[in-house]
Amino acid sequence: MNHKYYIISLCFFMFSLNILSQTITVRDKVTLEALPGAVVEAPGKGAIMTDVHGQADVTPYLSQRMIFVWAVGYHKDSLTLEELKDREWMVDLSAINFLMSEVVVTANRVKEGRDQVGQQIQVIDKREIMFLNQQTSADVLQSTGNVFVQKSQLGGGSPILRGFEANKVLIVVDGIRMNNAIYRGGHLQDVMTLDNTVLDKVEVLFGPGSVVYG
């Protein structure tokens with residue numbers, strides 16, 4: 001009986017701790033990805049950092065009127081306990097837009113500033129890809145308004161640039177050619193093999209600039 005009493009008491013104690021504890025999750029406002037290493041602090045209570053899942057136990061701060069949350073590259077946010085409850089303990093931080101020169105890698109196979117490139121280039125960064133929320137990479141290209149995508153097959157997507165069909169449009173991922181000119185002519189679905197949700201950015205190089213790739 002004594003052992004059962006101790007076990008019941010321990011279970012009740014652990015259950016009480018779970019009720020009293022509270023965890024918040026810090027995310028990127030656009031991508032909704034967790035932000036590990038974000039700082040959560042309150043006046044006179046010090047600061048803690050979120051774990052790899054973007055979570056932090058804010059139980060010591062529940063008696064505070066205001067909690068501050070920030071991360072490197074993001075705007076600082078201040079919230080009351082009531083605001084945190086309304087947000088279901090989710091804190092979405094807005095990224096700081098740094099005024100930096102855009103860098104492209106497609107034009108000469110080396111990184112260089114976009115203002116130094118003579119060719120026409122369109123860049124779609126990761127945030128825009130997430131915002132567009134397209135089903136395929138072909139749909140991402142079509143959303144630029146400068147790439148026509150042929151969808152003759154069910155679920156297909158074959159890019160066409162300036163009249164050139166897919167076997168004459170070079171697709172390169174991290175410097176590796178994904179297609180070549182010996183493929184059959186007509187509409188090909190090579191671009192459909194690329195998962196747009198894992199792309200860091202998309203660069204579309206128009207005109208004869210792709211000659212550098214052979």
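**Backbone outliers and nonpolar cores**

Visitor: Is N133 buried or exposed?
Guide: N133 is exposed, with a relative accessible area of 64% (exposed means over 50%, buried under 20%, partly exposed in between; 1.4 Å probe, protein chains only). This is a predicted model, where local features need pLDDT of at least 70, side-chain atom pairs need 80 or more, and totals for chains, interfaces and linings use all residues. Numbering runs from 1 along each chain as its sequence is written, and side-chain values use heavy atoms, without hydrogens or water.

Visitor: OK, where does N133 sit?
Guide: In the loop between helix 3 (126–132) and helix 4 (137–142); helices are DSSP runs of H or I with at least four residues, strands E runs of at least two, numbered from the N terminus. N133 isn't a glycine, yet its phi is positive, about 55°.

Visitor: And what's the phi of W89?
Guide: Near 60°, so a positive value in a non-glycine again. W89 lies in the loop between helix 2 and strand 7, but W89 is buried, at 15% relative accessible area.

Visitor: Switching to packing: which residues touch the most other members of the largest nonpolar core?
Guide: I24, V26, V40, V69, V91 and L93, out of 20 residues. A core here is a set of buried Ala, Val, Leu, Ile, Met, Phe, Trp, Tyr and Cys joined through side-chain atoms within 4.5 Å. Strands 1 (23–28), 2 (39–42), 5 (67–70) and 7 (90–93), plus helix 2 (81–86), each give two or more residues to this core.

Visitor: What's in the second core?
Guide: That separate core has 16 residues, including V140, V191, L194 and F206.
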